[in-house]
Amino acid sequence: MVSLAKAWTVTFYGVLALMVALGMWDVFFGYEENKCSMSYMFEYPEYQKINLPHKLTKQYPTYELYLYGEGSYAQENKNLMLTGIPVLFLPGNAGSYKQVRSLGSIALRKAEDIDFKYHFDFFSINFNEELVALYGGSLKKQTKFVHECIKIILKLYEGQEFAPKSVAIVGHSMGGLVARALLTIKNFKPELVNLLVTQATPHTAPVMSLDSYLTDFYRTVNNYWILNSQDIKLITLSVAGGFRDYQVRSGLASLTRLSHETKTLSVLTSAIPRTWASTDHLSIVWCKQLQLATIRAFFDLIDDDTKQITMKPKKKMAVLNHHFVKNPAKLFEETPNIIADLTGTSKWVPVKVTKWTFMAFNESYAMYFAFPLSNHRKTYSHMYCRNSMLDTHSWIYGCINSVSMCTQGVDLSWKSELLPTMKTFMLKLHDYPKLSHLVVYVPSTNGNKFVLDCEFFQIELRTVQLPVTHLFSFGLTSRQIQLNSNGLFYTIPLLNFGQIYQAFKIDIKSKCTSTKVEKDNVFRLHIPWSHEDIMTTSRAPTSTEIPLRLHVAQPENDSHVAVLHMFTSSDCRYEVTVRTSFLQILGQAIV
């Protein structure tokens, strides 16, 4: 009996060890490939050390402040006669002050493109690569040093015509937490920081609570932000890396429960327009796609009158949503002109069919394709259009009380959305009862080739529910749906999916009538309660596998459902299968 019990004990712990090992393998190796491009410097990077007051260097002997520069810009600023917009980079656990170079270099190239009408000065702090994620005793000291550096930076601009009164902060990892801790300092002036961007920062709790200093620091910072959420005016963007970042689980980076929703935005890199890639804990500071989105946002935040980052909270949130949540494939405008003139020599072409495709190539003149809406309102609920030309010009309009053409239209391009291989537009006919026509604009192409598709459809016929399989089915059973219509868009609500411990695999198989030409497809896993969408592209006919798991669980009072959006080809049929992934469940349990 004793030997039998011992055998069972050994077997139990052996199975447990195997499950832990499999979970660890999924965490460390079961993520997507690195889709980030490396950001390179065009000229040799230079880090100019800023001389600090003797009292400060004596108090913080291992900390330093640097100004980033390249080439002629670095040489011109040797005397520190600065005229730009200050941004302060804070490295994280064991991080280097040199990690600022990706942001600084891209911002410099952007400034050159506009002849230095505006430019940013990037500063960075050397924390001596302290291991603050393991020992929290240095966090208060770092916070106080950052406060002093902000005041020193602003003094460098005194006497300038458009001298800044505040700085923007970019904090990587624990550097983002240090930035948030500034507000807890006694007599700290919140107006000294006008914007905070954090990258892979564990906001809600430490990754590992190894000492009381660390837990006390977190408790102090988060309690302050929660108790003063109505009064804190600092606009904060938290960017998490997704499943490639196994060091900081993305759920820890969410600010949803720590601050007012109108002042914070938490997103995953996989959901950011033009980035659409998961990043590991270090690549998030050099991922070219992400840094480009960040710098575009910084330049759009500039106020033309003050030549500094705007003080308007609504504009800040509008810019951040434009670049980090939903991009309409348009350049940002604070107050866009939605009334457009549709005059000129362009040809008008009426379109009366319910499904329409136009392949543009070497068109010598521009055309307006007008879709009358009145005949379709009783039969169809929506109209969907997509365009493979990914420029930033307006392309879709609405006409009011028009017979066949109109001289002025409502620019609906601001309602479109940029996807990896197309820009799309969805019109709910019931919401626009005054529109008589929808107009699609095709410019003269000059050798460019692109495709436009439009269709009218009934949303109920394009919505197919797919309940996920049971957690303990171990992938042995599956659920499947067939999409046999020739539609361009489908909505697949994923029922009973909302917990972090759940994990599934979705397999999408496509069969097309013509296999000579591959068709671009985009599949988007949309999580309505958090910005953690995953975008997957494929070329039909093919089989595509999509991992299905969460970073943030569905809130108790939230009735939304996770959805798979399918942007498909009209001559293909699709089969969607979901099954439990036991390996990924183990990985979710580990993190």
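Start with the whole protein in cartoon view: you'll find 10 helices and 28 strands. With a radius of gyration of 27 Å, close to the 25 Å that the globule rule gives for 591 residues, the protein is as compact as a globular protein of that length. Keep in mind that this is a predicted model.

Next, turn on the C-alpha atoms. Along the principal axes, they fill a box of roughly 90 × 80 × 45 Å.

Now switch to the surface. About 27,800 Å² of it is accessible, and carbon and sulfur atoms account for 54% of that. As for what's hidden, 54% of the 591 residues count as buried.

Want to see how the chain meets itself? Take the contacts between residues at least 6 apart in sequence: 79% of them join residues at least 24 apart.

Color the charges next. There are 59 positive and 49 negative ones, and their mean positions lie 4 Å apart.

Time to zoom in on a sheet. Select β11, β19, β13, β17 and β16, which sit in that order in an open sheet of 5 strands with antiparallel pairing. Which strands stand at the edges? Pick residues 355-361 for β11 and 417-418 for β16: each of these has a single partner strand, so one side of each is left without a neighbour in the sheet.

Stay with β11 and add residues 449-457, which make up β19. These two strands pair in the antiparallel sense over 7 bridges.

For the last stop, show F361 and look across to β19: the residue standing opposite is K449.

How values were computed
Residues are numbered from 1 along each chain as its sequence is written. This is a predicted model: local features need pLDDT of at least 70, side-chain atom pairs count only at pLDDT 80 or more; totals for chains, interfaces and linings use all residues. Side-chain values use heavy atoms; hydrogens and water are left out. Helices (H or I, at least four residues) and strands (E, at least two) are DSSP runs, numbered from the N terminus. The radius of gyration is taken over C-alpha atoms; the globule rule is 2.2 Å times the number of residues to the power 0.38. Buried means under 20% relative accessible area, exposed over 50%, partly exposed in between (1.4 Å probe, protein chains only). Contact means heavy atoms within 4.5 Å. Accessible areas come from the Shrake-Rupley method with a 1.4 Å probe; for residues, only the protein chains shown count as cover. Lys and Arg count as positive and Asp and Glu as negative; His and the chain ends are not counted. The place of a charge is taken as NZ of Lys, CZ of Arg, CG of Asp or CD of Glu. Two strands pair if DSSP finds at least two bridges between them.
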